[in-house]
Structure formats: structure tokens, C-alpha cells
Amino acid sequence: MAWSMSFFIFIALLAFAPICFSFKSNNGYLYPQYYYRSCPKAQEIVKSVVAKAVAKEARMAASLLRLHFHDCFVKGCDASLLLDSSRGIVTEKGSNPNRNSARGFEVLDEIKSALEKECPQTVSCADILALAARDSTVLAGGPNWEVPLGRRDSRSASLSGSNNNIPAPNNTFDTILSKFKRQGLDLVDLVALSGSHTIGNSRCTSFRQRLYNQSGNSQPDSTLDQSYAALLRNRCPKSGGDQNLFFLDFVSPTKFDNSYFKNLLASKGLLNSDQVLATKSQASLALVKQYAENNALFFEHFAKSMVKMGNISPLTGSSGEIRKNCRKMN
């Protein structure tokens, strides 16, 4: 009887264990305790540098989160995005989704430098990206989660993959969903992860067509609130001002919350790729409504989807390498 009760308690506890304890990749497991012995201060060091950077510039939280996303959607979460062009490497930083917009590389350099002093050639740049994305989310007021670790760094980059795999601001809903499904992600992941646009900025050039010529008929996007569109036109003219920045969530632009989804329901999503979540799919719209009403549910789903995204095709075991400098191969 005592044995039966102990077994029952064990099973009950197992049911409530963290969902992200470990994830199987092609060559091995990712798990949060990966550096506990080899570099016990690793997560503390990453968090410290990220906190300093975000305190200096709130926008940096969104920038670091975006880098992890743009890395994982190209060849998996392998820090290929961080490689500069060199012999045999054409950097992903020059792709359409990244050129003149991907930023935060100096923060990652500072993190890597500190980690190399503490525990040389131990912590991968791919894991730094995953940790920095989590820490940035938390610092902006978003959810926390355990980050499975143990990724290694790639020895190659893919400019074409960056151009083709990362969803673009003017993609259709079906195109965006297909790009997520290609990575093993689903509709819930798409809507939840799009909620990262509750922080950060976008450039005029990324949404100008919605203001002036969305469908090739010289008319603004009919799904965009016209009073909001008029405000946007003040700083996003038909020509010029390409790099002018606008908040993705004008209600609480530096706070990680569910205002983004409330904006979509009010037809005030900034990017076409945002607004289509509420206009092109009933299933997607249902999720938008749920998250707009329930911040805790959004946080829960976002954390789960971040762990899932972070497990896209990682290099483990003897694959890849641990770079000494995130910008170049060893």
C-alpha cells in the first residue's frame, strides 16, 4: 500500500513537471541545466548584460527577441544570423528581413566576451540568443520560462533561406502560416509569437502600402482604422521617410502585454502581417480574441511557443562548433 501511494505521488508530481525540461533534437537533448557544471554563471552573465542594455535603451528588448526568431527560421536555431560575411560566408544580415533593421549584435558580442572570460569556448552563440530572448521578454514585463540549452553554432549561413523563410510584413495570412508550418509550428504558435509585436518598432517602408495602395488601386487598406492611418501618414509619406520608426503597439510600446491583440480587434495593427490574424481566418481571430481578453493565457502560450521555436533543428553533440566570436567561425 505504501509503495502504491508513493508511486501515485510520483506520477502526480511528474504530471506537473515543467513542460520544457528537455527536448529531443536530431543528435541529442536540449535541457535547462546544460551549463550547470561547465559554466554555472552562464545564465546570470547573459541576464546581467541584457538588463544593462535594455535599461540603456528599452527598444533593445524587442531587437534581441527578434534576432532569435530570425535565426531560428533559417537553418534552425544555430546562430547562423550572427556570422559576418567572410570567405565562403555570405551573411544573413544583408537579407531583406534583416538589412537596416536587425540590431543588437553589439550586446551579443558583450555577452560572448564576458562568457569567454568566465568559461572559454563553452557557451554557444545559439544558446546566448535563446537566453537573451527570454531575458528581454521578462525585462519588458512578459512571461518567464526555462530555456532548454545545449545548441551548437553553425559553420554556414543562408542568405536565400533568410530571404525566403522569414515571414514578411506584406505576406498573406496563408503564406505566413505555411512558413510557420514549414518549421514545425502551428496556428497557435503563429498567433502567440506574433504577440511579440507588443514591443518594438517598425519602419515606414514596412507598412507604407497599407496607407496608400494596398491592393494596387491607389486606395488605403480597408482593414486599417482610417483615423489611425491618418496619424501614420503624418510621418510616413508616399515617398521618403523609409526609415522613420513607428511603435508596433502604440498603446504600451515598451510593455510586454496583450494590448497588441486589443489593437488588432480595433483594426489598429501596424503591419499587414499583424492585421491579417484578425481578418483572414476565423480560427486565428478566435485566438486573437482569447488573448485580448486573457493576458495570462497569452503569456502561457507565448512561453510554450518560444520553447517550441527554440527547438527548431538545433545542432547538438559533435555537429557545428562553439564559436569563440559569434561573428565568425573558429
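Here is a short chat about how the two domains of this chain meet, and about one helix pair.

Me: Which domains does the assignment give, and what sort of model is this?
Reply: It's a predicted model, where local features need pLDDT of at least 70, side-chain atom pairs count only at pLDDT 80 or more, and totals for chains, interfaces and linings use all residues. Residues are numbered from 1 along each chain as its sequence is written, and side-chain values use heavy atoms, with hydrogens and water left out. The bounds come from an automatic or database domain assignment, and they give domain 1 (41–166) and domain 2 (173–308).

Me: How much area is buried between domain 1 and domain 2?
Reply: Take contact as heavy atoms within 4.5 Å: 25 residues of domain 1 then touch 20 residues of domain 2. Buried area is the accessible area (1.4 Å probe) that two parts lose on being put together, summed over both. Carbon and sulfur atoms give 69% of a total of about 1700 Å².

Me: Which three residues supply 27% of the area that domain 1 buries against domain 2?
Reply: No other three residues supply more of that area. The trio is Phe73, Pro143 and Trp145.

Me: How many salt bridges does the rule find across the interface of domain 1 and domain 2?
Reply: The rule wants a side-chain nitrogen of Lys or Arg within 4 Å of a carboxyl oxygen of Asp or Glu. With that cut-off, the count across this interface is zero.

Me: At what angle do helix α13 and helix α14 pack?
Reply: Helices here are DSSP runs (H or I, at least four residues), numbered from the N terminus. Axes are lines fitted to C-alpha atoms over the stretch in contact, and angles run from 0 to 180 degrees between N-to-C directions. For α13 (residues 282–293) and α14 (residues 295–309), the axes lie 5 Å apart and the angle is about 120°.

Me: Which residues in α14 do Gln290, Tyr291 and Glu293 in α13 meet?
Reply: The contact of α13 with α14 divides into three nonpolar, three polar and one charged residue. On the α14 side, the partners are Asn295, Leu297, Phe298 and His301.

Key
Helix = DSSP H or I, 4+ residues; strand = E, 2+ residues; numbered from the N terminus. Nonpolar A, V, L, I, M, F, W, Y, C, P; charged D, E, K, R; others polar.
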